[in-house]
Every structure is written in C-alpha cells, then in structure tokens.
Amino acid sequence: MLLIKLATKSLLNRKASALLTLFTIAISVMLLMSIERVRVDAKSSFSNTISGTDLIVGARTGDIQLLLSSVFRIGHANNGVSWKSYQFISGQRGVKWAIPMSLGDSHKGLAVLGTNKDYFEHYRFAKKQSLSFSQGHEFNHLFEVVLGAEVASSLGYQLGDEVVIAHGMGNTSFHNHDDNPFKVVGILNSTGTPVDKTLHIPLAAIEAIHGGHAHQHEAVQADANDHDHDHDHDHDQHDDVDLVGTPKQITAFLLGFDSPLYTLQVRRNINQYKDEALLAIMPGVTLRELWEMLSIVEKILLLFSIVVVLISLLGMLTSLLSSLNQRRRELAILRSVGARPWHIFTLISVESLLITGLGCIVGTSLFYALMLLGADYLQSHAGISLNIALLSSYELMLLAAIMVAGFIVGLIPATRAYFYSLADGMSIKI
C-alpha cells in the first residue's frame with residue numbers, strides 16, 4: 001500500500017506527462033473497444049440486412065448471386081420466375097406471406113423495384129424492424145412511387161414530384177419511359193440498407209411502362225386520378241389487385257412461413273421444382289457465407305486497433321524512460337531512507353500499471369459515450385445496429401490483455417531503474 005501511495009504521489013508530481021500518457025492510452029482503448037463493437041455489430045447487422053424472411057426464391061443460379069441481386073440490388077438475375085410458379089408456390093401450405101419483386105429498371109442509377117403492398121407490411125430489416133414512412137404513404141394507384149430515404153435526400157425529391165423511370169439497371173439505361181411519369185406519394189425512413197437506395201412502384205406498373213395491357217392500365221390510371229388517397233379498406237383491396245396485375249414473370253420473391261418447420265420442406269420442394277429451374281435460399285445462412293468471404297475486412301479492422309494500442313503503450317514506455325533521468329534525485333532519496341532496488345523496481349511497475357488501469361477506465365467511459373452519440377447515425381447511414389450493453393467476455397479479455405501488456409511494458413523502465421540506481425552509486429554502504 002505504501003508503494004501504491006508513493007506511485008500515486010509520484011504521478012501527481014508529474015501530472016502533465018502522466019495525464020498525456022493516460023489520455024493516449026484512453027483514446028487507444030476507446031478506439032479498440034469501438035472498432036471491436038462495431039465489427040461484431042456490423043456482422044450482426046449485415047446478417048440482418050433482411051430479417052424475418054424465411055426464403056428468397058429466384059431462377060436457379062448461385063446462392064450469393066441471388067442474394068446480391070434480390071436484396072443488395074447488385075448484379076443482374078440471368079432469368080426470371082414465371083408468375084404461374086409464383087402463384088403456385090405462394091399458395092403452398094404453411095406460407096404466411098409472399099412478396100413478389102421485379103427488378104430491371106432504374107432512375108438515375110438507382111434501382112427501381114416493382115412489388116405489392118405486402119412489401120411495406122412484411123419486409124423486415126435489422127432486428128425485425130418494419131419499414132416506416134417519414135412522409136406520405138404507400139402507393140395506392142398505378143403510377144405512384146415510394147422513395148427510399150437516400151433517394152429522396154440525394155436527389156432532393158418531395159411529395160408530389162414526378163419521376164421518370166428508365167429501362168436498365170445502374171448507370172446504364174436504354175430507354176426513358178417519359179410517357180409514364182410516376183408521382184412521389186411516400187418517402188421511407190432511413191434503414192441503412194439497400195431499401196434506402198430503391199424506388200418502389202406497383203408491380204403492375206412494370207408491365208404498364210413496358211407496353212403490356214396499355215389500354216387497361218391507362219383506364220386504371222385515369223380512374224385513380226379521380227379518387228382521393230383516403231379510401232376505405234374494401235376499395236384498397238380492389239386497388240391492390242389492380243396494382244399487382246398478372247405479369248409474365250418476376251425477378252424473385254420472398255416467403256414467410258407460419259412455422260419454421262415448413263421452411264426446409266418448402267425449400268427442398270422448390271429446388272426440385274420440375275416446371276422450371278428455381279432456387280430457394282435461406283437469407284441468414286447465405287449472408288453469413290457472404291460475410292465469410294469478406295472476413296479480410298474484419299482482420300484488417302482488428303489489426304488496426306491492435307496497432308493503435310501498441311503505439312499508445314510505446315508512448316507510455318517512452319514517457320517512463322525519459323522521466324528516469326529527471327527522477328535520479330527522487331530515486332536517490334528513496335534509497336537513502338532504506339528503499340531496496342526491488343522497491344524501486346516495484347514502484348516503477350506500479351506506476352505503469354496505474355496509468356494503464358486508469359487509461360482503460362477512462363477509455364471504456366469514452367467508448368460508451370461514443371456509442372451513445374453515434375448509435376443513431378450508424379443505424380441510419382450504415383445500417384449498423386449497435387448493441388449498447390455491458391462489456392462482453394471477449395471485450396473484458398481485451399482489457400485484461402491491455403493491462404498485462406501495460407505491466408510488461410512497465411517492466412522495461414523498472415528494470416533499467418533497478419540497475420541504474422546501483423550503477424549510479426545510490427546504494428547505501430553499510
């Protein structure tokens with residue numbers, strides 16, 4: 001206890017350099033803990049880009065290719081799924097809901113998704129969070145569009161604006177459908193997922209802008225313009241049928257089941273479907289496989305955080321070593337009142353341990369403050385749902401490893417002080 005008291009007073013006597021070293025360690029601990037928490041939660045959030053969906057069904061291709069095209073809007077589906085197959089499979093026993101998805105059009109490089117109203121009701125992201133509107137409502141008529149949050153903010157669209165859809169994905173569009181502009185009726189809240197970069201239109205509108213049943217759709221649109229958006233439930237259901245139509249094929253569809261027991265059975269039946277070559281994937285499993293392919297990113301983040309901690313510990317070592325010459329008088333006085341070389345050794349070691357320990361405490365406090373301040377931003381802009389909870393066992397092990405590393409680093413100046421005091425003639429001859 002006496003040595004701890006002496007170490008504390010010695011640090012207070014050199015509070016400027018001690019505080020600077022402590023702050024450096026605290027910042028490194030904060031960065032390490034933050035990177036580790038974001039890394040773990042990013043993996044979890046990535047796995048929950050689409051949540052609550054039991055199966056994704058599309059034309060037979062690779063699992064990851066189907067996931068990227070249907071969920072992340074990356075790449076193109078080689079083939080589609082016939083509407084007949086969609087209706088047959090979605091009517092199977094145990095299917096609770098089905099969401100058809102038709103991709104292939106774009107607007108200024110952003111994906112356009114043709115779907116039905118079930119999309120807004122059943123689509124989930126993160127920890128089974130549902131989609132919500134910051135402005136407006138879901139589409140109720142043929143030529144209406146619901147924008148993702150990033151589409152609205154980046155392009156400056158407001159409710160009532162008109163949007164022209166182009167045929168073709170990404171920045172390569174082959175034809176603008178200028179004769180059928182869409183009216184913005186809703187803007188979704190930010191999710192941090194590909195939904196934010198997507199324009200959502202009725203499934204029947206995909207067929208309409210490509211020339212299918214033109215007269216029928218023009219009549220529906222004319223009738224829609226004569227109605228107010230506030231209508232009763234029965235009229236809404238009637239509109240929903242018109243909004244779906246009977247397309248020849250769709251890109252993919254999502255399935256949710258009454259019970260998980262149906263998932264594997266229906267998946268096997270779909271993969272063995274004889275009428276056309278289809279593939280059913282479990283999004284959670286495929287997302288984990290995709291993350292494994294990106295594991296190099298995890299390793300780089302972890303390596304970066306470890307390097308930051310090592311630099312801060314080297315800074316502490318430099319500070320302790322540089323202060324030894326300034327403390328020759330202090331050490332000599334301690335030796336003159338009976339302190340042994342091992343007392344000096346222990347004193348320096350305790351000082352390094354105190355600085356490291358306080359740095360870990362301050363760094364952990366800064367870590368929680370940073371998490372509280374950045375949680376909403378990461379959720380809305382990066383889709384990372386942070387879990388602000390007590391430190392995990394792995395995080396506690398990291399702190400313990402930092403403490404041990406700090407103690408080991410402190411042994412270097414402590415050993416030098418041990419031998420330096422003897423060589424400098426500070427030993428008391430009896």
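**Exercise 1.** How many bridges join strand 3 to strand 10, and in which sense do the two strands run?

*Solution.* The model is predicted, and local features need pLDDT of at least 70, side-chain atom pairs count only at pLDDT 80 or more, and totals for chains, interfaces and linings use all residues. Residues are numbered from 1 along each chain as its sequence is written, and side-chain values use heavy atoms, with hydrogens and water left out.

Step 1. Strands are DSSP runs of E with at least two residues, and helices are runs of H or I with at least four, numbered from the N terminus. Two strands pair if DSSP finds at least two bridges between them.
Step 2. Strand 10 covers residues 166-167, and 2 bridges join strand 3 to strand 10 in an antiparallel arrangement.
Step 3. In this pairing, S106 stands opposite A166.

**Exercise 2.** Determine how strand 3 pairs with strand 15 and with strand 4.

*Solution.*
Step 1. Strand 15 (residues 252-257) runs antiparallel to strand 3, with 6 bridges; P100 has F253 as its bridge partner.
Step 2. Strand 4 (residues 110-115) is also antiparallel to strand 3, over 4 bridges, and H107 is partnered by L110.
Step 3. Strands 3 and 4 form a hairpin with 2 residues between them, and K108 in the turn has a positive phi of about 55 degrees.

**Exercise 3.** Which residues of helix 11 are buried (under 20% relative accessible area, 1.4 Å probe, protein chains only)?

*Solution.*
Step 1. In helix 11 (residues 283-293), the buried residues are P283, T286, L287, L290 and W291.
Step 2. They fall within an arc of 145 degrees seen down the axis of helix 11, so they line one face of the helix; the arc is taken over the directions from the helix axis to the C-beta atoms.

Methods
Buried < 20%, exposed > 50% of the residue type's maximum accessible area, 1.4 Å probe, protein only.
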